[in-house]
Amino acid sequence: MRARLFVLLLTLIALVVVALLTPLATNYATNAQRQVYIDRLQDTNRFALLLRDGTGTSELSALRDEIERYHDVYGIPTVVLDGHRQVMLSSGPVDIDDPTVSDRIDTALSGRSTEEMSIWPWQDHPLVVAVPFLAGEGAGVAGVVVTVSPTDALRTRVGTVWIVLAALSLGAVALFVAVADALATWVLRPVSSLDAAAHAITSGDLESRAPVGTGPPELRRLARSFNEMAATVSGALDAQRAFVAEASHQMRNPLTALLLRIGNLADAVADENAGDLPDRAKAEYDEAMREGQRLQRVLEELLALARAERHLGAVRRVDVGQVLDERLLSWRVRADLRGQILVRSGVATADALVDPESLGRVLDELLDNASRYAGDDGVIVAALRAGAGSPGAVRLSISDDGDGLPITELDKVAGRFWRSPTHANIPGTGLGLSIVTSLLQTFGGRLEVGTGPQGGLSVTCVLPSPPSPAAPELPAADAPEPPAAGEPAAAQGLIER
């Protein structure tokens, strides 16, 4: 909008300058032409008056002296023609057959005065003035006196003045441009403030508000309405998140107590003196424990999601490679227990603008997700790339060699409580990637899901990164083969490349 307003003001200014400059330049050129034409007409009339007593030898001799001196001083040739267009006198070369000269001679021979000629800086034809002279008192036209004046000086003078006027106009336009820019900035300052507030809210700062004390009344009302809308939306989101967090927290304690009480029934269920009760009771007991534990996991995930949505960590420059190495080291124990192999690939270091606490939680969620779906003896690859495919961004991928998902389901994995029918037998709540998405949004990251190079699921975090030198590339390595039976568990741990 600022560009449009600026262009509008600049167009109006340019039109005003052109409207003022054009008449001024035209008027100056016209006056200069008229002055030169009058001077030449007076000189030519004076030559014609010398022949008022006839075209005898004395008159022609006197006129010859005049036109030769005139040519020597001003460089303007003069020619005298009789009524039959025959040259009687000439002080310089004049092409009487030139169309412009010929037309003016014919006009003068008919007894009419020649009109003023229009000469502009881009025209190079001379100024031709033709004046008739009479054969005697009351007689008809006996001939014509013609002067042909060069117009170089006139055209140069007019062109110079035009250039000066154009330069002054450009200076005025430059000044008006600065004024228009300041004016556009002042007019649109309330709109810019409103836009900044909207962008801040979109980025997650729900407390941002637009100033309401500046600008025209219409924009002030708009700013107040925007602030009211933002407050309403923020309040609704806070209430929703608070409800989820409080409900999950309030349900967690009773659920824990219930699980403890169910656990206390284990001895009674296993009593062999209870007749045929133990078989039925054991099945119900096991199902109750599984459902209780599942509900407990759901509540924990809901609390984690609520904390992720409300979390506003300190975003700073962080070495993603260092955070990744720390989290992989922590997950090595679990990988050893399940016979899984963790592979580190890509660059060794890459700086990104993130919240380190949130990034660590993102990695924990992704590694937990990959560990569950890769299965025992699976391979999990953590790849770090800097600027790959998206200049200025860091790409952190966690992939596994599990069964993966069909392509038609890849766009659903980040949905809350969504689980693929093919993974119904694997424990989970369907909230893991939703938590990751919420955490990434707190510092401007995003999530991409696809099929990994090993056939399983590949989850990539695209992190904002400041310009930085390229990090050293880790040696490329193929995914290692699963360890052979009986191989020490230490060989199944973290492999640093």
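A residue is called partly exposed when its relative accessible area lies between 20% and 50%, and buried when that area is under 20%. The model described here is a predicted one. By this scale R334, with a relative accessible area of 27%, is partly exposed. Its salt-bridge partner, D368, is buried because its relative accessible area is 19%.

The side chains of D368 and R334 come together with an N to O distance of 2.7 Å. This pair links distant parts of the chain, since D368 belongs to helix α10 and R334 to helix α9 (residues 332-338), 34 residues apart. A second salt bridge, between E448 and R395, has an N to O distance of 2.5 Å. It also links distant parts of the chain: E448 is in strand β10 (residues 446-451) and R395 is in strand β9, with their positions 53 residues apart in sequence. E448 has 27% relative accessibility and therefore counts as partly exposed, whereas R395, at 18%, is buried. Salt bridges with shared partners also join R46, E66 and R69 into one network. In total, the structure holds 12 salt bridges.

The pair D152 and R155 lies within a single helix, α4 (residues 152-202), where the two residues are 3 places apart, about one turn. The closest N and O atoms of this salt bridge are 2.5 Å apart. An α-helix has 3.6 residues a turn, so residues three or four places apart point the same way. D152 is partly exposed at 47% relative accessibility, while R155 is buried at 16%.

The largest nonpolar core contains 37 residues, and V320, L366, L384, L396, I398 and L463 have the most contacts inside it. Elements that give two or more residues to this core include helices α8 (320-330), α10 (356-374) and α11 (432-441), together with strands β8 (379-386), β9 (393-400) and β11 (457-464). Helix α10 supplies the largest share, 7 residues. Beyond its neighbours up to four places away in sequence, L366 touches I398, L433, V436, V459 and C461. Another core, of 36 residues, lies apart from the largest one and has L63, I67, Y70 and F133 among its members.

In helix α8, the buried residues are V320, G321, V323, L324 and L328. Viewed down the helix axis, these residues fall within an arc of 160°, so they line one face of α8. At the start of the helix, a side-chain oxygen of D319 reaches to within 3.1 Å of the backbone nitrogen of G321.

Strand β6 (residues 341-346) is mostly covered, with 6 of its 6 residues buried. Strands β6 and β8 run parallel and are joined by 6 bridges. In this pairing, I341 stands opposite V379 of β8. In strand β11, S458 is buried, with 12% relative accessibility. Apart from neighbours within four places in sequence, the contacts of S458 include S397, I398 and S399, as well as E448.

Two further positions were examined. I262 lies in helix α5 (residues 217-264) and is buried at 15% relative accessibility. I262 touches Y285, A288 and M289; the C-alpha atoms of I262 and Y285 are 7.3 Å apart, although 23 residues separate the two in sequence. R85 is placed in the loop between β1 (78-82) and β2 (87-90). R85 has a positive phi of about 70° although it is not a glycine, and at 25% relative accessibility R85 counts as partly exposed.

Conventions:
Residues numbered from 1 in each chain as written. Predicted model: local features only at pLDDT ≥ 70, side-chain atom pairs only at ≥ 80, totals over all residues. Heavy atoms only, no water. Core = buried A, V, L, I, M, F, W, Y, C linked by side-chain atoms within 4.5 Å. Buried < 20%, exposed > 50% of the residue type's maximum accessible area, 1.4 Å probe, protein only. Helix = DSSP H or I, 4+ residues; strand = E, 2+ residues; numbered from the N terminus. Contact = heavy atoms within 4.5 Å. Arc of directions from axis to C-beta. Polar contact = N/O pair within 3.5 Å; in protein donor to acceptor, adjacent residues only side chain to side chain. Pairing = 2+ DSSP bridges. Salt bridge = Lys/Arg side-chain N within 4 Å of Asp/Glu carboxyl O.
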